Structures are given as structure tokens and as C-alpha cells.
Amino acid sequence: MVEKALCTGCGACAAVCKRGAVAMKSDREGFSYPDIDASLCVHCGLCNKVCPLNNETAAPDRETAGDQIFFGARAKREETRLQSSSGGIFPLLAEQVLRQGGVVFGASLLSDGTVRHIGIERPEDIPRLTKTKYVQSDLSQMWREIQTPLREGRQTLFCGTPCQAAALRSYAGLRGEGENLLTAGLVCYGVPSPGIWKKYVRLLERKYKGGFQSFSFRDKRNRDNGHACSVQIGGREYTNSLYEDLFCRTYFRNINIRPSCYQCRYCTTERDCDITLGDFWGIEKVKPEFDDGMGCSAVICHTPKGRSLWSKVQDETDWFSCSRDEVANEGQPRLREPIKPPKKRDRYMRLYQWLPFPLWIGLFRK
Ligand SMILES: Cc1cc2nc3c(=O)[nH]c(=O)nc-3n(C[C@H](O)[C@H](O)[C@H](O)COP(=O)(O)OP(=O)(O)OC[C@H]3O[C@@H](n4cnc5c(N)ncnc54)[C@H](O)[C@@H]3O)c2cc1C
């Protein structure tokens, strides 16, 4: 097993173990890690073999660096962009795969506040997956569920963080089931703790006296590229600035982020997925006419599969070709290097373990 500080918590090691010797368990910061039951382990080595951290970073079928193609793009339908966090490219890819009789897996925010990857087969379910959730999503049910469409030879699109996409490619490759798999890896700032998020949801329920229904981390109704968030609780809606919300504030101060994200190996344009989706930061410099406050995506096609999928939806977008530099250097720091851990992270996390949660989260008021 890789050392704890590097483990991304994808759970591929637990999924691949035929003896059930590896279980994912939550640590004191609320992130899950593999835990091996030595009495069940037969030392077959599959858990190490599947771990993407023990494999090459770049997809074996990846185009050479010079052949990768870079775009800025946004869905032509404004409604699609409104329902998405960036340029609305993910829902177009999903629609395309579902039209071909395929299946789509993505992160859904459930009504108990859990963020979990689920599979959908009907276009009307796409909104269950759209929009960014700033919480590490749970893949535990996905591993088993995704086997069926992959075995049946149905096109299967997975969208998630780049470490999750790489883990799934490794898992499906190891089992000889990768042929119909399409992976979309997000540009990623880092994933926040599901444990801290769950406590925050319960706090919001107490504050607003109602049952949690939903949370939008990037609410675009002000046409401001989603610098607002909104929560639905007990049939009412409460909105806030993304930077005033206490949970989001711990995120943007890099506190509640998984330790492995500070050393993420996917903060590069050489990634282990078919297609990369991110926000086109810096669009105002590269293509000011695309900067309308409703979101523009950066798209990178890494493999022939990614290129083919993109070509099928390209006409449903306004798009422009651009260079690697325009996407990664002008715009997107998370394609160059990971975020840095703040000096006070350890202190805050120690306090998290000792202080009652309302007091701890209260530390992040101005
Ligand atoms: C934790 C996180 C951090 C991010 N950080 C950056 C960043 O620093 N820079 C940047 O350019 N882009 C970042 N993104 C990606 C960006 O916010 C958009 O998700 C992406 O550009 C796709 O937008 P869209 O409009 O095409 O699709 P949308 O309709 O917004 O769809 C979002 C897709 O992301 C998946 N998803 C949502 N939440 C999660 C999650 N918690 N874990 C795994 N998959 C999830 C959904 O399943 C869906 O497939 C981040 C996303 C997440 C989840």
C-alpha cells in the first residue's frame, strides 16, 4: 500500500480484493483510507497492482504531448450552462453517451448530504450529476455497479476527479474491461473532507430548523461565474457568497483538503483520462467575447477516444482552439502544480478533533 500522505482514497484496492480483506475506513479528519485485515489477506498483490499511484501517470493510449488538443468551449444552450458549474460540457458528453444506449457515472449530492458516484441511464437524470460538489465523492458503490455495463459492452462514461478517473482506468484495465470505458477527469483544486461536510450539513439543519435538501456550490443565477452558493433546507432557500460560507471558506483557505491533494500528480496536462474538463480561468484575456459570467470550459482531448467523443458534441458548443499555454499558463494553475498546504493546517485539524464542531467552524468567520 502507498503511504497515507499520498493515498487518494479512491478505494480501487478495496474493490479489487476478492477476499474482502481491504475495507475503507474514515480517519479523524473525515477522509477514508484502506485498512487491511491481515487474517483475510493472501498477499496476492492485486491491491498494489491496481493502485494508480504505482502505475504510470499518463494514459498508455494518450496522444503524444504535441498531438493533444486544447479548446475553450461553452454549451450553446444557456440553460445547460446555468445548470452546470462551468461551460456545461459534461452534460453534453452525458447526453451523447446516453443517446447511444450507454451509461453515465458521476457525483450526486444525495438528500442526506452524502456525495456519491451513481450511474444513470436516462437523459432526465443528468441534473442529478451536474454541478461541482466541493466534497470528496464516495466511489464505494460505483465499483460494483460499473462492472455490468462494461461487461455488456455498453459505452460507459465516468466523470470525476483525475485521481478517480486514473483509478477506474487502472481497475477496468486490470480486469480487461476497459474497452468501452470513457473517462472525463476534472481539473481539480483538491477534495474537501466528507466528514467535515456531513457535520456542516447537520449544523445548517439546526441553524435553519429543517431537513437538508440540496446545496449548490456554484450558483450562477447572478451571472457571476458562480461566486454564490445556495442551500435548500426545509422547503426554503438561503443564499450566500461562496467566500462567506464557512465550509467553502475552509476549502478556499486550503484547510479541509485531503493531504494527498497537496502532492497531486495530476496537476499537469499529461493526465490519465480520455478528456479533461475544467474552468477556463483567464478567458477574459484569451477570448474576452466568451466571458459572459455564465461559464466557459477548458477541454483537453488526451486520447483518440476522448477526441472522438468531443467531436460528437462540438457542434452543440461555441468553441475555439487554443494552445496548451493559453489553458495551463494563462488560465489554470491546477494544470501546473498542486495547491500548497497552509502553515496552519495541522493546527486547525488538531483543533477540529478537540473542539465542538460549531466552535471549530466558527473559527473561519472573518
Ligand atoms: C472538488 C472539485 C474541485 C475543482 N477544482 C477546479 C479547479 O481548481 N479548476 C478548474 O478549472 N476546475 C475545477 N473543478 C472542475 C469544475 O468545477 C467543473 O466541474 C468542470 O469544469 C466541469 O464543468 P461542466 O460545466 O462541464 O460540468 P458540470 O455540469 O458542472 O458537471 C460537473 C461534473 O463533475 C462531477 N463532479 C462534481 N462534483 C464532484 C466531486 N466532488 N467529485 C468527483 N466528481 C464530481 C459531476 O459528476 C459532473 O460529472 C473542480 C471540480 C471539483 C468537483
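Which residue with a positive phi follows α4? I looked this up at the start and found G101, whose phi is near 80°. I note here that the model is predicted.

**Entry on helix α4**

I turned next to the helix itself, which spans residues 89–99. I found that 10 of its 11 residues are buried, so α4 is largely enclosed by the rest of the structure. I listed the buried residues as I89, F90, P91, L92, L93, A94, E95, Q96, V97 and L98. For this purpose I counted a residue as buried when its relative accessible area is under 20%.

**Entry on strand β7**

I then examined β7, residues 181–186, and recorded that 5 of its 6 residues are buried, which leaves the strand mostly covered. I looked for its partners. Strand β6, residues 156–160, pairs with β7 in the parallel sense over 5 bridges. Within this pairing, I noted G160 of β6 as the residue whose bridge partner in β7 is G185. I followed the chain from β6 to β7 and saw that it passes through helix α7, residues 162–174, in a right-handed β-α-β crossover. I also found strand β11, residues 275–279, running parallel to β7 and joined to it by 3 bridges. On that side, T276 of β11 stands opposite G185.

**Entry on the nonpolar cores**

I asked which residues of the largest nonpolar core touch the most other members. Of its 36 residues, these are W197, Y200, F212, F215, F217, F357 and W360. I then checked which elements give two or more residues to this core, and I wrote down β4 (103–109), α8 (194–208), β8 (212–219), β9 (228–233), α9 (246–252), α13 (345–354) and α14 (357–362). The largest share, 6 residues, comes from α8. I inspected Y200 individually: leaving aside residues up to four places away in sequence, it touches D245, L246, F247, F357 and I361. I also recorded a second, separate core of 26 residues, which includes F90, L157, L182 and V313. I had already met F90 among the buried residues of α4.

**Entry on the ligand**

Last, I looked up the surroundings of the ligand. I found 36 residues around it, the closest being S84, A107, V135, D279 and Q332. I then wrote down three distances to ligand oxygen atoms. A polar side-chain atom of S84 lies 2.6 Å from an oxygen atom of the ligand. For Q332, an N or O atom in the side chain is 2.6 Å from a ligand oxygen. For G278, a polar backbone atom is 3.4 Å from an oxygen atom of the ligand.

Methods:
Residues numbered from 1 in each chain as written. Predicted model: local features only at pLDDT ≥ 70, side-chain atom pairs only at ≥ 80, totals over all residues. Heavy atoms only, no water. Buried < 20%, exposed > 50% of the residue type's maximum accessible area, 1.4 Å probe, protein only. Helix = DSSP H or I, 4+ residues; strand = E, 2+ residues; numbered from the N terminus. Pairing = 2+ DSSP bridges. Right-handed = clockwise from strand over helix to strand, strands pointing away. Core = buried A, V, L, I, M, F, W, Y, C linked by side-chain atoms within 4.5 Å. Contact = heavy atoms within 4.5 Å. Near = heavy atom within 4 Å. Polar contact = N/O pair within 3.5 Å; in protein donor to acceptor, adjacent residues only side chain to side chain.
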